[in-house]
Amino acid sequence: WFFQFAFCCALSSIVAGTVAERCKMTAYLFYSTFLAGFVYPVVAHSFWSVNGWLSNTNTNPLFGSGVVDLAGSGPVHMTGGMVALVMAVILGPRIGRFYDHDGNAYDEPRDIAGHSVALQFLGTFCLWFGWYGFNPGGTLFISSANFGDAASLAAVNTSIGASAGALSALFTHTIIDERKTGVVTYDLTSTMNGCLTGLVAITAPCATVEPWAAFVIGIVAGWVYLAGSFLLVRLKIDDAVDAIPVHFGGGMWGVLSTGLFTAPGRLETAFGMSEHVGWFYEWGRGSGNFTLMGIQIIAVLWIIGWVLVIMGPYIYLLNYFDMLRIDPLEEEVGMDISRHKGPAYEIENVSTEKQEQLSERRSQYGGMDRSLSGRFKASKKEESKPANEDA
């Protein structure tokens, strides 16, 4: 139960990163409760319970095999990333990211930079360290030689997958940027997110693939991150921390790569079965058996469908009842000031005019207009202002 509790914490934090800087606290509380209390448990049960319809521990597993996902590329990361995608689409982008204040699209999207690359790196390394509890701990026991072997392989593959993902994203971004600008640069954010995508991707197959395969999975994970991040920008979907390509993209690749690279001996050690293995190994057997790969694809489609059907309407209703997004003026002032009583970092000055405007509107009787628009009521001065004054 404690392990699943930790998974729930990770799951809800994925969504929080995507919708940062524009989402109401009430929305955090509502979606986190529903996600951790209902949406995630159903997916986790289907993957890992002895009664789960996808589980390989079921007495009658799907197609005689069941899905293979040791530590949650699908149930945790892909589910969280899919919820984040739904939230980002319904919530809309941050002010100034893709459109100006009149709703006109910019020729090029505006970057909203983070405040500290050093803290980003610290957070990345903290996550990487925690993954050694996530993945090797997924065996739940080390009371036998088999469990010990599976846990140790999971640790080795976790290190390889993370490193390969970081290097892949770093140098691929460097090559692409050099071709565009003629200048060689090294993007640190891409490096960190490539590392995290590699960690997400290796989570499912960490105990069932060989170390060389972990390297390949990590390399592809870096490309998955870059492609996913680029696609979000093209579609004008605003993800504040690129959690969607990291967790949804990386999680999907992790589940599918398990169906490609799972080795017979490693699967036997970790799960006690080896009839249906990775598709590449099946071709080596001369059979081309698609059973495990097919189940992994079904698992991916199941997560996408479940989240869309359940979380889509739920988040839409939160938005309809004005429980999702903060007021535009509060967003421009910044949530640290408008909602948390002061700036977290004295890096840049927020417009004094905007702060005074926020205070004035809040001082008016009624303060916030509880209409569906979620906007502040106009001040008395603004209400009395002639319609043609701006002209």
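Leaving aside its neighbours within four places in sequence, with which residues is S65 in contact? In this predicted model, S65 has its place in the loop between α2 and α3, and, once those sequence neighbours are set aside, the residues in contact with S65 are N56, M273, H276, T291, L292 and I295. S65 counts as buried because its relative accessibility is 1%. The loop between α2 and α3 also holds V50, for which the contacts, again leaving aside neighbours within four places in sequence, are with T57, N58 and T59. V50 and N60 are ten residues apart along the chain, and a distance of 9.5 Å separates their C-alpha atoms.

The helix α1, which runs over residues 2-18, was examined for its span and its packing. With 17 residues at 1.5 Å a residue, α1 should span 24 Å, and the 26 Å between its end C-alpha atoms agrees with that expectation. The residues of α1 that are buried are F7, C8, L11, S12, I14, V15, G17 and T18. These buried residues of α1 pack against α2, against α3 (73-91), against α4 (117-134) and against α8 (243-261).

Empty space in the model was considered next, beginning with the second largest pocket. This pocket contains about 600 Å³ of space, and its lining is made up of 26 residues, among which W48, L70, G138, T139 and L140 lie nearest the centre of the pocket. At least two lining residues are supplied by each of α1, α2 (25-48), α5 (145-181) and α9 (264-271), with α2 giving the most, namely four residues. By class, the lining of the second largest pocket comprises 15 nonpolar residues, ten polar residues and one charged residue.

As for enclosed space, the count comes to one cavity of 30 Å³ or more. The largest cavity holds about 30 Å³ of space, and the residues that line this cavity are D149, A150, L153, A207, R266 and T269. Both α5 and α9 supply at least two residues each to the lining of the largest cavity, and the largest share, three residues, comes from α5. The lining of the largest cavity divides into three nonpolar residues, one polar residue and two charged residues. The helices α5 and α9 thus appear in the lining of the largest cavity, and α5 and α9 likewise each supply at least two residues of the lining of the second largest pocket.

The cysteines were considered last. Zero disulfides are found when the whole structure is searched. For C23, the closest cysteine sulfur is that of C9, and because the two sulfur atoms are 18 Å apart, they are too far from each other for a bond. C23 is also buried, its relative accessible area being 0%. C126, in turn, is in no disulfide, and the cysteine sulfur nearest to that of C126 belongs to C195, at a distance of 12 Å.

Key. Residues are numbered from 1 along each chain as its sequence is written. This is a predicted model: local features need pLDDT of at least 70, side-chain atom pairs count only at pLDDT 80 or more; totals for chains, interfaces and linings use all residues. Side-chain values use heavy atoms; hydrogens and water are left out. On a 1 Å grid over the protein atoms alone, a cavity is a set of points where a 1.4 Å probe fits but cannot get out, and a pocket is an open set with protein on both sides within 12 Å along at least five of seven lines; lining residues have an atom within 4 Å of a point. Grid points are joined across faces, edges and corners, and a volume is the space filled by probe spheres set on the points. Ala, Val, Leu, Ile, Met, Phe, Trp, Tyr, Cys and Pro count as nonpolar, Asp, Glu, Lys and Arg as charged, and the others, Gly among them, as polar. A disulfide is a pair of cysteine sulfur atoms within 2.5 Å. Buried means under 20% relative accessible area, exposed over 50%, partly exposed in between (1.4 Å probe, protein chains only). The expected span of a helix is 1.5 Å times one less than its number of residues. Contact means heavy atoms within 4.5 Å.
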